[in-house]
Amino acid sequence: MYPHLFSPLRVGGLVFKNRLTMAPTYLGYAGPGGTVSPLMLDHYRLMAASGVAMVVVENASIDHPTASGSERTLRVDTDACLEGLQGLARAIKQEGAVACLQINHAGRFAAAAEPLAPSAVETLAAYQKS
């Protein structure tokens with residue numbers, strides 16, 4: 001029924017072993033400060049070993065704290081997280097999958113006193129009280 005589902009696909013310089021992708025799902029497995037924790041590393045290693053061609057890692061904050069939804073959100077805005085992110089990408093690739101990352105700005109749902117959003121909105125705390 002789907003003749004190309006398990007066939008390789010070339011996109012630019014990347015070769016996908018099939019057409020299956022693991023969609024990003026926020027798990028809250030990041031370590032303190034948005035670092036890659038051992039639990040997160042193990043989870044994504046298992047997902048990559050499942051046979052999918054690409055693993056899309058859960059949302060990662062691009063500007064902390066104004067853009068982060070929680071303290072357990074992965075961060076990509078600081079070099080302090082770089083080594084862990086490199087290890088995460090390496091673990092996914094070692095299992096035969098392409099590593100991808102979903103970047104995110106939490107907007108009005110950011111865990112910040114003054115969240116940054118595209119329009120004037122109540123803070124999350126004020127919204128939850130109403």
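**View 1. Packing of α1 against α2 in the predicted model.** The axes of α1 and α2 lie 8 Å apart and enclose an angle of about 25°; because angles under 35 degrees count as roughly parallel, the two helices are therefore described as roughly parallel to each other. The crossing that α1 and α2 make is right-handed.

**View 2. Residues at the contact of α1 with α2.** From α1, the residues Leu-41, Tyr-44, Arg-45 and Ala-48 meet Gly-87, Leu-88, Ala-91 and Ile-92 of α2. Sorted by character, the residues of this contact comprise six that are nonpolar, one that is polar and one that is charged.

**View 3. The largest nonpolar core.** This core is made up of 16 residues, and those with the most contacts inside it are Tyr-44, Val-55, Leu-74, Leu-88 and Ile-92. Two or more residues are given to the core by each of the elements α1 (38-49), β4 (54-61) and α2 (82-94). Leaving aside residues up to four places away in sequence, Leu-88 touches Val-36, Leu-41, Tyr-44, Val-57 and Leu-74.

**View 4. Another nonpolar core, lying apart from the largest one.** It has five residues, including Ala-53, Met-54, Val-56 and Val-98.

**View 5. Pro-118 in the loop between β6 (98-104) and α3 (124-129).** With a relative accessibility of 85%, Pro-118 counts as exposed, since the cut-off for that class is over 50%. Along the chain Pro-118 and Cys-100 are 18 residues apart, and their C-alpha atoms are separated by 26 Å.

Terms used. Residues are numbered from 1 along each chain as its sequence is written. This is a predicted model: local features need pLDDT of at least 70, side-chain atom pairs count only at pLDDT 80 or more; totals for chains, interfaces and linings use all residues. Side-chain values use heavy atoms; hydrogens and water are left out. A nonpolar core is a set of buried Ala, Val, Leu, Ile, Met, Phe, Trp, Tyr and Cys residues joined through side-chain atoms within 4.5 Å. Buried means under 20% relative accessible area, exposed over 50%, partly exposed in between (1.4 Å probe, protein chains only). Helices (H or I, at least four residues) and strands (E, at least two) are DSSP runs, numbered from the N terminus. Contact means heavy atoms within 4.5 Å. Axes are lines fitted to C-alpha atoms, for helices over the stretch in contact, and angles run from 0 to 180 degrees between N-to-C directions. Angles under 35 degrees count as roughly parallel, over 145 as roughly antiparallel, 65 to 115 as roughly perpendicular and the rest as oblique. A crossing is left-handed if the near helix is turned anticlockwise from the far one by less than a right angle, and right-handed if clockwise. Ala, Val, Leu, Ile, Met, Phe, Trp, Tyr, Cys and Pro count as nonpolar, Asp, Glu, Lys and Arg as charged, and the others, Gly among them, as polar.
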